[in-house]
Amino acid sequence: MVVQPGIPQPDRQHPQTERKDSSLKGTFAAVLLLGAFIVVCWFAVFSLFVSRG
Amino acid sequence: MHLHRYEKMWLMFGGGALLLFVIILTVNAYAMGNMPPSHMQMIEPSKVDETPPFDKPGLRQIGENEYELVMTSFVFGYAPANVEIPAGATVHFIVTSKDVVHGFQIPGTNVNTMVLPGHISRVTQTFAEPGEYLILCNEYCGAGHHVMATKLIVADEGKE
């Protein structure tokens, strides 16, 4: 194989077996915010239903 | 399967919330009797006027400040119309349709049910506040749908 200068070659000695977890902090915050919104809405509607009964 | 730690946490959160909702609704329905406003009873829609209790529609007292209100709905109205009850009364509405699908809603309360021909809808409500309550059709039933309404008058007997 011709090794060309400037082009990175795959590391055949140390193949990547495990990928590092990407950061999901922002996703986690977004999911919890959405979840909190859904829970608050649910309880708001439920308390309206109970108060009208 | 590999799951990110955060993914596990939000799946637990979502699953837990669903479980909580189902538990609250189950307790509310079976232990506290807050069932949806419907009923499994059937009726022959062409013979509503001959079938009890719809052969004698109207208000019937069944307890202390507790009433049964048997009503029929049709294009485009309800019978009997403008029923008067005392404040604080609990009313069990028993409604059926003589023709097409109608709605039966009292805005500001939990009374909101479909009225299907062939089915009898039951819904219970306590009217603590005196005033005029609108009963309206919220299922499009024909050209006169928008005028299909009546009133329930909750009289404040103490002030009369």
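Visitor: Which residue of E5(B) is the bridge partner of B:Glu68?
Guide: In this predicted model, B:Glu68 has B:His92 as its bridge partner in E5(B). Strands such as E5(B) are DSSP runs (E, at least two residues), helices are runs of H or I with at least four residues, and both are numbered from the N terminus.

Visitor: How do you know that E2(B) and strand E5 (residues 89-97) of chain B are paired?
Guide: Two strands pair if DSSP finds at least two bridges between them. E2(B) and E5(B) are joined by 8 bridges and run parallel, so the requirement of at least two is met.

Visitor: How are residues and chains labelled, and what confidence is required?
Guide: Numbering of residues starts from 1 along each chain as its sequence is written, while chains are lettered from A and ligands numbered from 1 in the order in which they are written. As this is a predicted model, local features need pLDDT of at least 70 and side-chain atom pairs count only at pLDDT 80 or more, whereas totals for chains, interfaces and linings use all residues.

Visitor: In which sense do E1(B) and E2(B) pair, and over how many bridges?
Guide: The sense is antiparallel, over 5 bridges. Within this pair, B:Arg60 has B:Glu68 of E2(B) as its bridge partner. The two strands form a hairpin with 2 residues between them, in which B:Asn65 takes a positive phi near 55 degrees.

Visitor: What makes the phi of B:Asn65 notable?
Guide: The value is positive in a residue other than glycine. B:Asn65 is located in the loop between E1 and strand E2 (66-74) of chain B.

Visitor: Why does B:Asn65 count as partly exposed?
Guide: A residue is buried if 20 or more other C-beta atoms, placed from the backbone, lie within 10 Å of its own, exposed if 12 or fewer, and partly exposed in between. B:Asn65 has 14 C-beta neighbours inside 10 Å and therefore counts as partly exposed.

Visitor: How is E2(B) connected to E3(B)?
Guide: A hairpin of 2 residues makes the connection. These strands run antiparallel and share 3 bridges, and B:Phe74 stands opposite B:Gly77 in E3(B).

Visitor: Where does B:Asn82 lie, and why is this residue called exposed?
Guide: The loop between E3 and E4 of chain B holds B:Asn82. Its count is 11 other C-beta atoms within 10 Å, and B:Asn82 is therefore exposed. B:Asn82 also has a positive phi, near 50 degrees. B:Pro80 is found in the loop between strand E3 (77-79) and E4 as well, and the peptide bond leading from B:Ala79 to B:Pro80 is cis, with omega near -5 degrees.

Visitor: What makes the side chains along strand E4 (residues 83-86) of chain B an alternating set?
Guide: B:Val83 and B:Ile85 point to one face and are buried, whereas B:Glu84 and B:Pro86 point to the other face and are not buried. E4(B) pairs in the parallel sense with strand E10 (residues 149-155) over 4 bridges, and B:Val83 has B:Leu152 as its partner there.

Visitor: Why are H1(A) and H1(B) called roughly parallel?
Guide: Two packed helices are described by the angle between their axes and the distance between the axes. Helix H1 (residues 25-52) of chain A and helix H1 (residues 5-31) of chain B pack at about 5 degrees, with their axes 10 Å apart. Axes are lines fitted to C-alpha atoms, for helices over the stretch in contact, and angles run from 0 to 180 degrees between N-to-C directions. Angles under 35 degrees count as roughly parallel, over 145 as roughly antiparallel, 65 to 115 as roughly perpendicular and the rest as oblique. H1(A) and H1(B) are therefore roughly parallel.

Visitor: Which residues of H1(A) meet H1(B)?
Guide: They are A:Phe28, A:Val31, A:Leu32, A:Gly35, A:Val39 and A:Trp42, and their counterparts in H1(B) include B:Trp10, B:Phe13 and B:Gly14. Contact requires C-beta atoms, placed from the backbone, within 7 Å of each other. Between the whole chains, 11 residues of chain A are in contact with 10 residues of chain B.

Visitor: Why does B:Gly16 count as exposed?
Guide: B:Gly16 lies in helix H1 of chain B. With 12 C-beta neighbours inside 10 Å, B:Gly16 therefore counts as exposed. In chain A, 0% of the 53 residues count as buried.

Methods. Two residues are in contact if their C-beta atoms, placed from the backbone, lie within 7 Å.
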